[in-house]
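Hi,

Here is the structure I promised to pass on. Have a look at it first, and then read my notes underneath.

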Amino acid sequence: MKRIVLFIATNLAVMLVLSIVLSLLGIGRPGSGSTLQLGSLLAFSLVVGFTGAIFSLLISKPMAKWSTGARVIATPSSSTELWLVNTVKTLSERAGIAMPEVAIYDGEPNAFATGAFKNSALVAVSTGLLANMNRDEVEAVLGHEVAHVANGDMVTMTLIQGVVNTFVVFLARVVGFFVDNVLLKNNDSERRGPGIGYMVTVFVCEIIFGLAASLIVAWFSRQREFRADAGSARLLGSSVPMQHALARLNGMEPGALPQSIAAAGITAAGGWTALFSTHPPFEQRIAALRSVQSQP
C-alpha cells in the first residue's frame, strides 16, 4: 500500500471527468481573451475538487465490500465469528461509537475500517490475519481499526483531499491560462473561449499536480496511523498487544488490499516510494508505541 491509493485515484478521476465535461459546456473557463476571472474560477475549483473526494467517501463502504468480497457477519456461525463481533462491540463501546458492521474476507494478513459516517462504519479482517495471529494481537488490530473510525479519519482524509483537489483544479487552470495567453499569445479579445493550448495544459497539469498533491494526502495518512496505534493502546489499556501485532505483521507477507481501501488497512503491501506510502514503517510505529508506554 506504499502507493497512491484508489481513494485518491477515484476522486482524481472524478475531478478530471467533471472538469472536462464542465469545460466543454463552457463552465469553469478562466474568461474570454486576456481576462482571468479568479472568483468564478475558485468557485468552480471548489465544486470540482470536493465532489470527487465526497463521492469517494460515500461509496467507500459498498466499494470495500465489493472489492474484497467481504462477508458481513449478520449471525455468527462459529466461535471465532462470535468472538470477533463481541470484541468489536466492546471496543466500539469504549470508543463511544455505534457498533460497526463486522466482516471477514479471504486473503493474506490484513484488516481495514471504512465508511462515510462514524456511526455506520465497517471493520473487516482477513482470514490470513485470523490464522496467523493470536487473539490478543487480533484484538489490538481491531482496536486500531475502531480507533480509525472513532477519530473520524475517513472524513478528515476527505476534507484534506478536497482541499488539495481544489488547489489542483485552480492552479492547473491558471497555468493553462498563462500558456494559452502568454506563451502561445492566444489573447484575442474577440475569442469566445480558451484555445487548444489551454485545454491540453490543464489536462496535463491536473495529472501532474494531482500526483504531487497525493504526497500531502499520504503524509496525513501516515500521521493518522500513529494516532490509530495509540488509540488501540488506549482502548486495550496497554500498548504491548499493538506492539506485538505490528511485530508479527512485520514478519509476514502483507496482504494487498484493493487500492480503494489500501490507506485504511493495518499493513502495507509493497509500493513506489516512502513519500507515497500511506503507512509508516513498522519499526517507527513500534518505537512510537514504546515511547508512549515509557512516559509517566
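Below is what I found, going from the annotated spans to the sheet and then to a few single residues.

Keep in mind that this is a predicted model. The unreviewed UniProt entry puts a "transmembrane region" at residues 5-27, 39-59, 163-184 and 196-220. I looked at two of those spans in the model. Residues 39-59 come out as 95% helix and 0% strand, with 31 Å between the end C-alpha atoms. For residues 196-220 the figures are 100% helix and 0% strand, and the end C-alpha atoms are 36 Å apart.

Then there's the sheet. It is open and has four strands, in the order β1-β2-β4-β3, with mixed pairing. β1 (71-72) and β3 sit at the edges with a single partner strand each, so each has one side without a neighbour in the sheet. β2 and β4 (residues 122-126) run parallel and are joined by five bridges; one of the bridge pairs is V102 with V123 of β4. Packed on this sheet is α3, which touches β1, β2, β3 and β4 and points at about 150° to the direction of β3. α6, for its part, lies across β3 and β4 and runs at about 20° to β3.

α6 deserves a closer look. It covers residues 135-150, and its 16 residues should span 22 Å at 1.5 Å a residue; the end C-alpha atoms are indeed 22 Å apart, so the two agree. Of those 16 residues, 12 are buried, including E137, H144, E145 and H148. Where the helix starts, a side-chain oxygen of N134 comes within 3.1 Å of the backbone nitrogen of D136. After α6 comes G152, with a positive phi near 65°.

Two more residues to click on:

- T68 belongs to α3 (residues 60-68). Its relative accessibility is 14%, so T68 counts as buried. The T68 side chain reaches the backbone oxygen of A64 at 2.8 Å, and a polar atom of that side chain is 3.2 Å from the backbone nitrogen of A70.
- P109 is in the loop between β2 (101-105) and β3 (111-114). With 2% relative accessibility, P109 counts as buried too. The C-alpha atoms of P109 and L129 are 3.9 Å apart, although 20 residues separate the two along the chain.

That's it from me.

Cheers

How values were computed:
Residues numbered from 1 in each chain as written. Predicted model: local features only at pLDDT ≥ 70, side-chain atom pairs only at ≥ 80, totals over all residues. Heavy atoms only, no water. UniProt positions renumbered as here; feature names shortened; annotations may be inferred. Helix = DSSP H or I, 4+ residues; strand = E, 2+ residues; numbered from the N terminus. Expected span 1.5 Å × (residues − 1). Buried < 20%, exposed > 50% of the residue type's maximum accessible area, 1.4 Å probe, protein only. Polar contact = N/O pair within 3.5 Å; in protein donor to acceptor, adjacent residues only side chain to side chain. Pairing = 2+ DSSP bridges. Contact = heavy atoms within 4.5 Å. Axes fitted to C-alpha atoms, helices over the stretch in contact; angles between N-to-C directions.
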